[in-house]
Amino acid sequence: MTEERGIGDNSETVAVAELRSLIERIERLEEDKKAVSEDIKEVFAESKAKGFDTKAMRSVLKLRKQDEAKRQEEMAMVQTYCQALGISFVFD
């Protein structure tokens, strides 16, 4: 019985140590994520100060993240809707 208890305690200690390690890793990554987010905000502020339209830049970033086929499909749909509503649309 004592032997089993010792093994259980060891496993529990290992599990607690692993949990603590995982939590600490997540905390460090959250700090890194916050720092990167702040860096991105600074780049957008710099862009705005230089006269760039940050809303348009965000749209371009969104488009660049998309798969080429998905982007073409979305742009075709936007063009179709614009034409149906009589909105001038030029995008090549």
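In which helix do Lys-33 and Glu-30 both lie, and how many residues apart are they? Both belong to helix H1 (residues 2-49) and are three residues apart, about one turn of the helix. In general, an α-helix has 3.6 residues a turn, so residues three or four places apart point the same way.

The structure is a predicted model, in which local features need pLDDT of at least 70 and side-chain atom pairs count only at pLDDT 80 or more, whereas totals for chains, interfaces and linings use all residues. Residues are numbered from 1 along each chain as its sequence is written, and side-chain values use heavy atoms, with hydrogens and water left out.

The secondary structure of the chain comprises three helices and zero strands, where helices (H or I, at least four residues) and strands (E, at least two) are DSSP runs numbered from the N terminus. Along the sequence, the pattern reads α-α-α. Of the 92 residues in the chain, 8% are classed as buried; buried denotes under 20% relative accessible area, exposed over 50%, and partly exposed the range in between (1.4 Å probe, protein chains only). The chain exposes about 8,600 Å², of which carbon and sulfur atoms supply 56%. Accessible areas were obtained by the Shrake-Rupley method with a 1.4 Å probe, and for residues only the protein chains shown count as cover.

Three salt bridges are present in the structure, each defined as a side-chain nitrogen of Lys or Arg within 4 Å of a carboxyl oxygen of Asp or Glu. Side chains of opposite charge can pair when their charged atoms come close. In H1, Lys-33 and Glu-30 are joined in this way, with an N to O distance of 3.5 Å. Lys-33 is exposed, at 53% relative accessibility, while Glu-30 is partly exposed, at 42%. A salt bridge also links the side chains of Lys-50 and Glu-46, at 3.1 Å from N to O. Here Lys-50 is exposed, with 57% relative accessibility, and Glu-46 is partly exposed, with 43%. The remaining pair consists of Arg-71 and Glu-68, whose closest N and O atoms are 2.2 Å apart. These two residues lie in helix H3 (residues 68-84), three residues apart, about one turn of the helix. Glu-68 is partly exposed, its relative accessible area being 41%.

H1 also contributes to a nonpolar surface patch. Leu-19, Ile-23 and Ile-26 form this patch, with about 280 Å² of accessible area together. Patches are made of residues with over 30% relative accessible area and no salt bridge, like charges being joined within 9 Å and nonpolar side chains (Val, Leu, Ile, Met, Phe, Trp, Tyr) within 5 Å. Within the patch, Ile-26 is found in helix H1 and is partly exposed, with a relative accessible area of 48%.

Contacts between H1 and H2 were examined through Ser-47 and Met-57. Ser-47 lies in helix H1 and is buried, with a relative accessible area of 9%. When residues up to four places away in sequence are not counted, Ser-47 touches Phe-52, Thr-54 and Met-57, contact meaning heavy atoms within 4.5 Å. Met-57 lies in helix H2 (residues 54-65) and is partly exposed, at 28% relative accessibility. With the same sequence exclusion, Met-57 touches Phe-44, Ser-47 and Phe-52. The C-alpha atoms of Met-57 and Ser-47 are separated by 9.1 Å, the two residues being ten apart along the chain.

The lengths of H2 and H3 agree with expectation, the expected span of a helix being 1.5 Å times one less than its number of residues. The twelve residues of H2 should therefore span 16 Å, and its end C-alpha atoms are 17 Å apart, which agrees. For the 17 residues of H3, the expected span is 24 Å, and the end C-alpha atoms are 24 Å apart.

At the start of H2, a side-chain oxygen of Asp-53 reaches to within 2.9 Å of the backbone nitrogen of Lys-55. At the start of H3, a side-chain oxygen of Asp-67 comes to within 3.2 Å of the backbone nitrogen of Ala-69. Farther along, Gln-79 is found in helix H3 and is partly exposed, at 30% relative accessibility. Gln-79 and Val-90 are eleven residues apart in sequence and 8.1 Å apart in space, C-alpha to C-alpha. Just after H3, Gly-86 adopts a positive phi of about 75 degrees.

Methods. Polar contact = N/O pair within 3.5 Å; in protein donor to acceptor, adjacent residues only side chain to side chain.
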